[in-house]
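Notebook open, looking up the cysteines today. I want to know which of them pair up and how well they are hidden.

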Amino acid sequence: MSRALVTLVRPALLVSAVVIGAALVSVAMQGDTIADRVLGQIDFVHNGQNLIDARGMLGLEGVAIDSTVTPNRLYVADNGNSRVLGYKDVTTFVDGGAADLVIGQPDFSSGACDQGGNPSANDLCDPIGVAVDDSGNLYVADSDNSRVLEYNAPFAGCGSFPCVVGGANEVFGQVSNFTTSNCDSPSPSASTLCFPVGVAVDLHGNLYIVDEGDNRVLEYNTPLSNTTADLVLGQGGSFTSTTANNGGLSAGSLSSPAAIALDASGDLYVSDGNNNRVLEYSEPVTNGASAELVFGQSGIFTSGAANNGGVSANSMSGPEGLTLDSNGNLYVADYNNNRVLEFNMPLTNSTADTVFGQGGSFSTSGCNQGAASPSSSSL
């Protein structure tokens, strides 16, 4: 997949200052749909593109919280600046606060894809998904390099702050080669990737990668010592097939999946972007498994229409980021509807209970609620 084509299939790459993940809900005041703090802008009413520094962001795509230490740390995939920013205390950042750590660039003032050259262990190009395992190791979906990179506990190597992190320790999707970036080279397999966008780690340390360009999700057992996938979803169990909705739209198919999340029991959730739905796979997930629950299509696995039946608490259009809170509630970034949906007790409820970004209305979808400028309640 060429980089020009990637830009066409992922309009989110062009959006500035949008948090696709919903993980920051854990640090906000609970019980309302009004944001409390903002990163990437000086306040809630500005949304301009950044001057590249420790405070600015461009095309924000993913967030992850490292809860293995106290205070918890925050990682942000600053997609448009081809870097990941780290904050050493998620509870104390202020509006427009400066990052403490940068990954993928030689300093906080640089933002070129692969630092303007060829890929290496030190570079990133349009990162999207980020995830942290229970040892504090960081995984980054380095999308335009068709790889996922792993960094051993990045903050541990910082003697002082601000800190520039060195190279990645492990690479997935490029057959252990840090200097290549080809999509599915030489052909799709359990060792290749094509435009990966999402990452997640389960309680056993197994790694899941959303391989969007190949319309599949891959799982790696013991990823710190294994870069060949052990399990595939969306392709009928085949590691060499990449067809969208292989075999027809069903509980076992995927079309441009965008993100992934796991609950405390190991149940897996995947946002199936082009099918305008979120799928749930119950633990234990097996090779080629079919989903057991569907969100956004009124419980029907053979339907994939955007806003099926109209914009409502049961519909979605181009869902992307996912996360679950400590109570098992599911949050979905419903991208084309400019909102985030919350599903309480999602294993028994496929109708959203709360909506963020639309002033509490499930039937509206306007950008910034139709206003010319953003606010603390709009998306």
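My entries on the cysteines follow.

Entry one, the tally. I am working from a predicted model. Taking sulfur atoms within 2.5 Å as bonded, I get three disulfides. I numbered the bonded cysteines in sequence order, and the pairing reads 1-2, 3-4, 5-6.

Entry two, Cys113 and Cys125. I found these two joined by a disulfide, S to S 2.0 Å. The link of Cys113 and Cys125 is left-handed, with -105 degrees about the S-S bond. Both cysteines sit in the loop between strand S4 (101–103) and strand S5 (127–132), so the pair ties together parts that are 12 residues apart in sequence. I then checked exposure: Cys113 is partly exposed at 27% relative accessible area, while Cys125 is buried at 2%.

Entry three, Cys158 and Cys163. Here I read an S to S distance of 2.1 Å for the disulfide. The torsion about the S-S bond is about -80 degrees, so I noted this disulfide as left-handed. Cys158 and Cys163 are both buried.

Entry four, Cys183 and Cys194. I see a disulfide with the sulfur atoms 2.0 Å apart. At -100 degrees about the S-S bond, the link of Cys183 and Cys194 is left-handed. Both lie in the loop between strand S9 (170–172) and strand S10 (196–201), so the pair ties together parts that are 11 residues apart in sequence. Cys183 comes out partly exposed, with 24% relative accessible area, whereas Cys194 is buried at 3%.

Entry five, Cys367. I looked up its exposure too: Cys367 is partly exposed, at 48% relative accessibility.

Key
Residues are numbered from 1 along each chain as its sequence is written. This is a predicted model: local features need pLDDT of at least 70, side-chain atom pairs count only at pLDDT 80 or more; totals for chains, interfaces and linings use all residues. Side-chain values use heavy atoms; hydrogens and water are left out. Helices (H or I, at least four residues) and strands (E, at least two) are DSSP runs, numbered from the N terminus. Buried means under 20% relative accessible area, exposed over 50%, partly exposed in between (1.4 Å probe, protein chains only).
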